[in-house]
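Got your viewer open? Let's take a walk through this one, stop by stop, with something to select at each.

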Amino acid sequence: MAANKKEAIILAIDAGRNSLQLDSDGKTYFEKAKFCASMILKRKIFAESKDYLALILFGSSQTNNHLASQGCYNNIEIVTSLGVATWDLIKHINSLSPSDTTHSDWLNTLVLAADMLKKETEDKIFQDLQIVMFSNLATDISFDKIDIIASCIKTQYINLTIIGKDYEDLSLNSVVEQFIIKTEATAVNFDSVIPEISHYKQKEVTPRAWNIPLSFGNVFSIKVIGYKKIDETTKSFKWLSCRNYDTPDSITAMNKHTSYSYIENGEQIEVDPEDIIDGFRFGNSIIPVSDLDVQAYSYKSGPRCLQVLGFTKAKNIQRSFLMDGGAYIFKPHKEDIVAFSAIFKAMIEREELMIIRKVYINDCLPTIGAMFPQIDDNENYFVCVNLPYAEDEHLFILPSLELFKPNYEEKNAVHNLIDTMDLDKDGNELCMPENTHDPELQYVYDCIAQKAINPDQILLKTIPEHIQSLLNPTKSIMEKAKQPLDEIIKLFSLQQEINEKCPIEDNNTLQFDCDAEVDISKQCVITAFSPIEDFTKLLEIGFNSEIVCGKMKNITLDLIESSTSMDDLKKPASNLKVLRDFYIHDKDVKSYNNFMYLVKDSILLSGKEEMWSQFIDSGIGLITNQEVEISDISQELSENFIKHEVLEDVAAEFIIDDDDPLKEFL
């Protein structure tokens, strides 16, 4: 039977005059208490927590509690009994205002809260009982029975947390200090708590064990247990489409219905969904694919497995080889600890990794991964990260930086910047994954909370401060980096390019500011279906030639990237002919020649080397000085450009020795 991790928590907020005292940042204790209480509830809702929570106000203008008849529990109001967190309770907390009541008896409030926990948790199982009190405990009250109250809290195993002032401030009162010690309470100030609870939590999921044998061929296997350690956070939510007729109480779920139809002779004919099949577009043809076709061509990887393909030196697996898809950790089964330890120690001594083939469930797509031996808290386990296939790898030619040699001052300035922005602060690394929240997910949660609390209001366009802080460096780092940054700005001066008016000619000459260039670019569209016609038409209309040529270049490179045969390259070749003629007429041969180097790289680096010679013979070569005098390309350079050179220097970096066990699957 699964362990019950449900908690019972009572939130007690000081709403008396005492709560109007200002904290160090100028905000009242009451304002901060409201924020903390509402954030606790929001975090519970988004985490889909089953915890039970209740709300008590002390120092309230009203008295509403089951012990009020005894005469010493006045001005204490039980707002809600124990139950799951709701948006209505958050709305109520946000609408609270402090009272003018002087008396805020926090000690009697603890008695009432402890009594609630005792009565309302009877016949129920809770892993933990908690009282969270928001108060600075500065009210003058009687401490006659404080020792008895402390004993009761201790006897009921109630965890007490006091948020308002830290222990050092509260210990100035010796009686309060002894109370905190006896109850083993936690006392913290708002400045310590607010950063910790300002971020939302997702639903906590218990890791599911993957029991699988780690097989070494047909020789032997050892039992291991796998857990998914790291996975990309999903940002999708299960939305329910609803219709609101009259009042919020009349919200009903909408039933969706999808129908399929086609038009024939002006008449709409509905089609049975069972007669609908998938289809794929290849060129101008649509290829229908039925369920039987899918079953026939679907790859069958076989039964689930975790198979060792071999071992390789750790230096052979570069960091750039590691793929996404999550990371698993594998621990030994208790029956095979000895065999697991022997393999683990051998890999450590030889500085080698294990290459594995993983099929998670029957007939799912297999993945290739690397097993890294890791030791954490004296526990040995493997970390598995996916590796790429040959099709996943892309080679790029990047310009060399050897021509750019900084002097001593420039290098020293950059070194100083790196030192001052080093995230390793006193041995505590900042921005570690386990402590860094996803700003996009936090913003989505914040927007949902806004609409849940105020459904009729428009969402705020400003990003909350605690989420904005996730997008920027910390204030302390930027303060330390100010001087190195000023030095870099001084040494590496950059001049801002000033754009002049961008003329667009038509029957009536018009001028547009460059601020409208983005809108003009959106209107300037060249399609892959008829790029030459679109190019010519846009120039005739009067669009800026630089924008039109840029669009033509982009669509040409896209067509080259998506091509698979020489026939596919005919359209981009025709595009280049039109561009070549335009640039010759416009006396801007340098733009065309520079672009052709990008075209060549695009063809060679996309695995179409054998098509290059035939492609370049289409009359699209470099514009030489024999054609146009202003060109700086000689006939010899043009002929060398046409030749195909094997990229030996780039390929060499990715060559793996024939004896290397990685060669067959990298």
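**Stop one: the cavity**

The largest cavity has a volume of about 30 Å³. Keep in mind that you are looking at a predicted model. How many cavities of 30 Å³ or more does the structure hold? Just one.

To see what surrounds the largest cavity, select Asp14, Ser19, Tyr29, Phe30, Ala33, Phe134, Ser135, Asn136 and Phe190, which line it. Colour them by type and you get five nonpolar, three polar and one charged. Now show helix 1, residues 29–46: this helix gives the most to the lining, with three residues.

**Stop two: Phe190**

Stay with one of those lining residues, Phe190. Phe190 is found in helix 7, which covers residues 190–197. Is Phe190 buried or exposed? Its relative accessible area is 1%, so Phe190 is buried.

Next, bring up what it touches. Setting aside neighbours within four places in sequence, Phe190 is in contact with Asp23, Tyr29, Lys32, Ala33, Cys36, Phe134, Ile163, Gly164 and Pro195. Pick out Asp23 from that group: 167 residues separate Asp23 from Phe190 in sequence, but from C-alpha to C-alpha they are 8.9 Å apart in space.

**Stop three: the barrel**

Switch to a cartoon view and look for the barrel. Seven strands close into it in the order 7-8-16-19-18-17-15, with mixed pairing. Ignoring direction, neighbouring strands of this sheet are turned by 40 degrees against each other on average.

Now add helix 9 (residues 337–350), which packs on the sheet. Helix 9 touches strand 7 (210–216), strand 8, strand 15 (305–313), strand 16, strand 17 (352–359), strand 18 (367–376) and strand 19 (379–386). Its direction makes about 70 degrees with that of strand 19.

For a pair of strands to zoom in on, try strand 8 (residues 220–230) and strand 16 (residues 327–332), which run antiparallel and pair over six bridges. Along this pair, Gly226 stands opposite Phe330 in strand 16.

**Stop four: strand 17**

Move round the barrel to strand 17. How many of its eight residues are buried? Eight of the eight, so this strand is mostly covered. In a regular strand, side chains alternate between the two faces of the sheet. Select Glu352, Met354, Ile356 and Lys358 for one side of strand 17, then Leu353, Ile355, Arg357 and Val359 for the other; all are buried.

Strand 17 has partners to show too. With strand 15 it pairs in the antiparallel sense over eight bridges, and with strand 18 it pairs, again antiparallel, over five bridges. On the strand 18 side, look for Ala370, the bridge partner of Ile355.

On the strand 15 side, click Glu352, the bridge partner of Lys313. These two are 39 residues apart along the chain, with their C-alpha atoms separated by 4.2 Å. Glu352 has a relative accessibility of 12%, so it counts as buried. Beyond its neighbours within four places in sequence, Glu352 is in contact with Phe311, Thr312, Lys313, Ala314, Met347 and Pro373.

**Last stop: Gln442**

Finally, select Gln442, in helix 11 (residues 439–453). Why does Gln442 count as buried? Because its relative accessibility is 2%, and buried means under 20%. To finish, show its contacts: leaving out neighbours within four places in sequence, Gln442 is in contact with His199, Tyr200, His437, Ile467 and Leu470.

How values were computed. Residues numbered from 1 in each chain as written. Predicted model: local features only at pLDDT ≥ 70, side-chain atom pairs only at ≥ 80, totals over all residues. Heavy atoms only, no water. 1 Å grid on protein atoms, 1.4 Å probe; cavity = no way out; pocket = protein on both sides within 12 Å on 5 of 7 lines; lining within 4 Å. Points joined across faces, edges and corners; volume = space filled by probe spheres on them. Helix = DSSP H or I, 4+ residues; strand = E, 2+ residues; numbered from the N terminus. Nonpolar A, V, L, I, M, F, W, Y, C, P; charged D, E, K, R; others polar. Pairing = 2+ DSSP bridges. Axes fitted to C-alpha atoms, helices over the stretch in contact; angles between N-to-C directions. Contact = heavy atoms within 4.5 Å. Buried < 20%, exposed > 50% of the residue type's maximum accessible area, 1.4 Å probe, protein only.
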